[in-house]
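Biologist: I am new to this structure and would like a close look at a single part of it. Please take me through it with care.

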Amino acid sequence: MSFSSEIQRRRTFGIVSHPDAGKTTLTEKLLLFGGAIQEAGAVKSNKIKKGATSDFMEIERQRGISVATSVLAFEYNGIKINILDTPGHKDFAEDTFRTLTAVDSVIVVVDVAKGVEEQTEKLVKVCRMRNIPIIIFINKLDREGKDAFDLLDEVEQKLGLKVTPLSFPIGMGYDFKGIYNLWENNINLFTGNSKKKINDTLEISDLNDSRLNTILGDSASKILRDEIELVRGIYPKFNKEIYQEANLHPVFFGSALNNFGVKELLDCFIDIAPMPRPKASEERLVCPEEDKFSGFVFKIHANMDPKHRDRLAFVKIVSGTFKRNTPYLHVRQNRKLKFSSPNAFFAEKKEIIDISYPGDIVGLHDTGNFKIGDTLTEGETLNYTGIPSFSPEHFRYINNVDPMKSKQLSKGIDQLMDEGVAQLFTLDLNGRKVIGTVGALQYEVIQYRLEHEYGAKCSYENLNIHKAAWVEPEDMKSEEFNEFKRIKQRFLAKDKLGQLVFLADSKFSLQMTEQKYPSIKFHLNSEF
Ligand code: G4P
């Protein structure tokens with residue numbers, strides 16, 4: 001197969017949702033269609049179960065699972081599909097944000113009863129910032145939920161998305177009878193026992209077919225005809241180009257658990273979802289079709305075995321082909337590296353591969369060379385952008401408990417920060433180290449891993465900080481900037497790249513500071 005056909009047949013995407021909306025179940029059903037797994041229940045949920053905060057073994061087990069399910073690749077109708085897994089747990093939101101830099105599109109799962117939830121809003125905001133095309137799957141139609149039109153309104157308003165349904169439910173919950181497929185203009189009826197088998201649906205190709213009255217009854221078929229007319233009247237006609245530009249978002253309805261509406265979603269997805277897209281670097285826009293290889297690290301996963309401290313760096317291939325045992329330039333370190341056993345991912349296993357194409361993810365064994373955001377190329381100096389750090393929600397001082405192990409502690413902290421477990425800030429005033437995280441869970445993970453992987457012990461001290469704001473002065477030499485630095489000295493720190501950060505102790509103090517120093521910009525993420 002030619003290089004360009006290989007690119008055209010790839011679809012790399014992520015499924016995002018608020019926990020419990022059905023992301024794992026949907027992923028599993030997609031894998032069933034692809035023949036990548038044989039039975040339901042094979043994909044383990046990679047979510048940290050509620051209440052697991054102090055169960056370290058559970059955290060470790062979950063880490064193991066998330067390596068296995070980080071990338072789930074399978075073939076469906078000649079299309080190579082790469083699903084990038086995103087942790088649903090809010091304490092790992094940063095991980096999800098970074099994974100979103102490596103996808104070409106996303107599917108957002110929404111629970112029909114709960115509607116648009118908080119985590120979904122946050123994740124979609126990030127997708128919109130990056131212009132990622134979005135498909136919405138409204139799940140759990142076998143249960144009572146909100147009215148379909150109300151949900152479409154909610155998606156438009158809360159997520160700020162322009163939507164157009166490509167399938168529409170016939171009834172809901174107890175009365176759920178099936179789905180009208182506006183993409184293929186046919187009807188699939190819900191038989192209620194399609195949980196195990198797939199393709200167990202009856203097809204009627206025309207909405208005016210009189211068999212509809214026989215099956216649904218006169219009243220339900222009239223409602224359906226009216227609703228579809230309304231859908232066609234209210235919502236814009238689907239247009240693939242506008243969807244791929246992330247300006248129109250198709251909506252599907254179904255029940256992942258009952259395997260209903262999933263095939264419609266998948267069949268349409270492979271038709272409309274974008275193939276690998278060009279990516280911006282600091283230097284230029286890079287196209288997948290270019291013959292020279294380039295890629296970037298979006299995730300680093302520590303090995304489960306503490307005796308071998310190697311890690312797996314996940315690289316998204318942006319352009320050209322990645323080949324085994326070929327020297328590539330590690331741009332930040334300005335040196336060539338060769339990889340003898342790069343991993344490719346197939347459903348739940350990983351295998352050593354010789355060649356990979358744009359859109360694919362390769363896992364590279366790493367002994368500490370990589371940081372998240374690093375670029376690999378065939379020689380050109382390229383730096384891929386778009387992996388910002390966001391302001392953490394929690395801040396604590398980290399202290400060394402065992403003075404004999406200070407080297408181990410700083411090495412451990414450095415490496416865990418490279419992996420993106422949390423963010424490190426060093427106070428300007430006294431050099432004290434502050435760890436910022438999205439959730440409280442990370443502190444326990446860090447403490448546990450420092451002890452078990454690096455032999456170092458740490459303790460934490462609370463620090464009352466509201467947000468970290470990256471500082472951008474209009475003029476580095478201005479009187480105003482100097483005054484800001486003098487007055488706010490206690491609250492200034494450097495992030496891991498040496499960028500200046502203002503650690504505001506309250507929302508009010510951040511607002512006051514912004515007002516007092518109008519020539520300085522304060523950003524809640526590191527890329528501005
Ligand atoms: P997540 O990855 O987004 O967190 O959600 P997950 O797929 O784990 O699904 C959350 C719960 O919702 C699961 O139930 C799952 O069985 C259920 N679910 C998913 N899709 C549907 C659906 O279409 N209809 C209905 N009625 N339920 C659905 P659980 O009891 O939390 O877990 P489990 O014991 O079933 O695994």
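Is N334 buried or exposed, and at what relative accessibility?

Modeller: Please keep in mind that this is a predicted model, in which the protein chain averages a pLDDT of 87 and 89% of the residues score at least 70. N334 counts as exposed, because its relative accessibility is 61% and the cut-off for that word is over 50%. In the chain, N334 belongs to the loop that runs between β17 (328-330) and β18 (335-337), and its backbone has a positive phi of about 50° although N334 is not a glycine.

A positive phi is also found at D20, which is not a glycine either and has a value of about 80°. D20 sits in a loop as well, between β1 (10-17) and α2 (23-33), but D20 is described as partly exposed, since its relative accessible area is 32% and so falls between the 20% and 50% limits.

For a contrast with N334, consider F97, a residue of helix α4 (residues 93-99), which is buried because its relative accessible area is 10%, under the 20% limit. Leaving aside residues up to four places away in sequence, F97 touches K122, L123, V126, R130 and F390, while the C-alpha atoms of F97 and C127 are 8.7 Å apart, with their positions 30 residues apart in sequence.

Some stretches call for caution, as pLDDT stays under 50 over residues 46-54 and also over residues 194-200.

How values were computed: Residues are numbered from 1 along each chain as its sequence is written. This is a predicted model: local features need pLDDT of at least 70, side-chain atom pairs count only at pLDDT 80 or more; totals for chains, interfaces and linings use all residues. Side-chain values use heavy atoms; hydrogens and water are left out. pLDDT is the predictor's confidence in each residue, from 0 to 100. Contact means heavy atoms within 4.5 Å. Helices (H or I, at least four residues) and strands (E, at least two) are DSSP runs, numbered from the N terminus. Buried means under 20% relative accessible area, exposed over 50%, partly exposed in between (1.4 Å probe, protein chains only).
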